[in-house]
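Please keep the viewer open beside this text and follow the selections in the order given. Each stop names what to select and then says what is there.

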Amino acid sequence: MALTGTLIAESLRVGAVLDQLVLVVRKISRADVGDVDAGQPLTWTFLEFEAADEDASRLAEALSESLDPGVGWYCDFRTATETFVVFGGRVFRYLRGDRAGRSEAEAYGRSVGVPDSQLDWPE
């Protein structure tokens, strides 16, 4: 089974490079959904991707080093059994459906400025 997730291109810090990872991009789209009052750009570019389950830890670490921590960006992805929520410098990994694990990631997201309405990653 392949892990699946979504990366917002604008969440990458300037100069970041994600390489030596095999990501299959399934869909690219743009939408005006950013919260300008929270310091986000209005328009976001969504990259829906897949990768091999065995690359989940490496992907989480690479994203943690590449995401801009300044505006509370995160990237989420999931395997059949786990959810990963990755912020700049921080990785949350919990069993899918684990309410305590999700709550911890949500609390951290709030602490770095993610609006509540954007703490909406799927399980």
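## A guided tour of the salt bridges

Begin by selecting Asp-76 and Arg-78, which form a salt bridge whose closest N and O atoms are 2.2 Å apart. Both partners are buried, Asp-76 as well as Arg-78. Bear in mind at this and every later stop that the model is predicted.

Next, select Arg-93 and Glu-82, whose side chains meet in a salt bridge with an N to O distance of 2.8 Å. Arg-93 belongs to strand E6 (residues 90–95) and Glu-82 to strand E5 (residues 82–87), so this pair ties together parts that are eleven residues apart in sequence. Colouring by accessibility separates the two partners: Arg-93 is partly exposed, with a relative accessible area of 45%, whereas Glu-82 has a relative accessible area of 18% and is buried.

Move then to Arg-30 and Glu-10, where a salt bridge joins the two side chains at 3.6 Å, N to O. Since Arg-30 lies in strand E2 (residues 24–32) and Glu-10 in the loop between strand E1 (2–8) and E2, the pair ties together parts that are 20 residues apart in sequence. Here Arg-30 is exposed, its relative accessible area being 56%, while Glu-10, at 24% relative accessibility, counts as partly exposed.

For the next stop, select Arg-102, Glu-106 and Glu-123 together, because side chains of opposite charge can pair when their charged atoms come close. These residues, Arg-102, Glu-106 and Glu-123, are linked in a network of salt bridges. Arg-102 itself is placed in helix H2 (residues 99–111), and with a relative accessible area of 16% it is buried. Which residues does Arg-102 touch, not counting residues up to four places away in sequence? Displaying the surroundings of Arg-102 shows Tyr-94, Leu-119, Asp-120, Trp-121 and Glu-123.

A search of the whole structure finds eight salt bridges, and the pair of Asp-76 and Arg-78 from the opening stop is a salt bridge too.

## A stop in the other helix

Now select Ser-64, which is found in helix H1 (residues 56–66). Is Ser-64 buried or exposed? At 11% relative accessibility, Ser-64 counts as buried. When its neighbours within four places in sequence are left aside, the residues in contact with Ser-64 are Val-86, Phe-87, Gly-88, Gly-89, Arg-90 and Val-91.

## Zooming out

Finally, clear the selections and show the protein chain as a cartoon, in which two helices and six strands can be traced. Followed along the sequence, these elements give the pattern β-β-β-α-β-β-β-α. The radius of gyration of the protein chain is 13 Å, close to the 14 Å that the globule rule gives for 123 residues, so the chain is as compact as a globular protein of that length. With the view aligned to the principal axes, the C-alpha trace spans about 40 × 30 × 25 Å.

A contact map adds a further view: among contacts between residues at least 6 apart in sequence, 55% join residues at least 24 apart. Of the 123 residues in the protein chain, 41% are buried. Switching to a surface representation, the protein chain exposes about 6,600 Å², of which carbon and sulfur atoms supply 51%. If the charges are marked as well, the mean positions of the 12 positive and 21 negative charges of the protein chain are 3 Å apart.

Definitions and conventions
Residues are numbered from 1 along each chain as its sequence is written. This is a predicted model: local features need pLDDT of at least 70, side-chain atom pairs count only at pLDDT 80 or more; totals for chains, interfaces and linings use all residues. Side-chain values use heavy atoms; hydrogens and water are left out. Helices (H or I, at least four residues) and strands (E, at least two) are DSSP runs, numbered from the N terminus. The radius of gyration is taken over C-alpha atoms; the globule rule is 2.2 Å times the number of residues to the power 0.38. Buried means under 20% relative accessible area, exposed over 50%, partly exposed in between (1.4 Å probe, protein chains only). Contact means heavy atoms within 4.5 Å. Accessible areas come from the Shrake-Rupley method with a 1.4 Å probe; for residues, only the protein chains shown count as cover. Lys and Arg count as positive and Asp and Glu as negative; His and the chain ends are not counted. The place of a charge is taken as NZ of Lys, CZ of Arg, CG of Asp or CD of Glu. A salt bridge is a side-chain nitrogen of Lys or Arg within 4 Å of a carboxyl oxygen of Asp or Glu.
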